[in-house]
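The following exchange examines how the descriptive terms applied to a model are justified. Each answer sets a value against its criterion.

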Amino acid sequence: MREIFAGMPWWVKWVAVPFIAIVLFGGLIASVVGFVIGLLFKVLVFVVLVGGLIFVVRRFMSSSERSDH
């Protein structure tokens, strides 16, 4: 592979080849990035909801223990 690119001008290696790759695989790359961002957002929402649930349950349990005594 290096022999193929050895005789090419710099703009072929650093401009044309990445441009062709983005044109051909841009939709796939965007889908993967969108999936990962969506997954991270869902994980973040899950963590916030579980943390809120734990906070509410602990607050409720501690207030019910005070009222029992």
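**Reasoning from values to terms**

In this predicted model, the accessible surface of the chain is about 6500 Å², with 78% of it supplied by carbon and sulfur atoms.

Q: What makes the chain more spread out than a compact globule?
A: The chain has 2 helices and 0 strands. Its radius of gyration is 27 Å, whereas the globule rule gives 11 Å for 69 residues; the value is well over that figure, and the chain is therefore more spread out than a compact globule. The C-alpha trace spans about 85 × 20 × 15 Å along its principal axes.

Q: How much of the chain counts as buried?
A: A residue is called buried when its relative accessible area is under 20%. Of the 69 residues, 1% count as buried.

Q: Why is valine 45 called partly exposed?
A: The relative accessibility of valine 45 is 34%. Buried requires a value under 20% and exposed a value over 50%, so valine 45 counts as partly exposed. This residue lies in helix H2, which covers residues 10-68. From valine 45 to leucine 28, 17 residues away in sequence, the C-alpha to C-alpha distance is 26 Å.

Q: Why does arginine 59 count as exposed?
A: The cut-off for exposed is over 50%. Arginine 59 has 53% relative accessibility and therefore counts as exposed.

Q: Where is arginine 59 placed, and what separation is found between its C-alpha atom and that of isoleucine 29?
A: Arginine 59 belongs to helix H2. Its C-alpha atom is 45 Å from that of isoleucine 29, and the two residues are 30 residues apart along the chain.

Technical notes:
Residues numbered from 1 in each chain as written. Predicted model: local features only at pLDDT ≥ 70, side-chain atom pairs only at ≥ 80, totals over all residues. Heavy atoms only, no water. Helix = DSSP H or I, 4+ residues; strand = E, 2+ residues; numbered from the N terminus. Rg over C-alpha atoms; globule rule 2.2 N^0.38 Å. Buried < 20%, exposed > 50% of the residue type's maximum accessible area, 1.4 Å probe, protein only. Areas by Shrake-Rupley, 256 points an atom, 1.4 Å probe, with all protein chains shown as cover.
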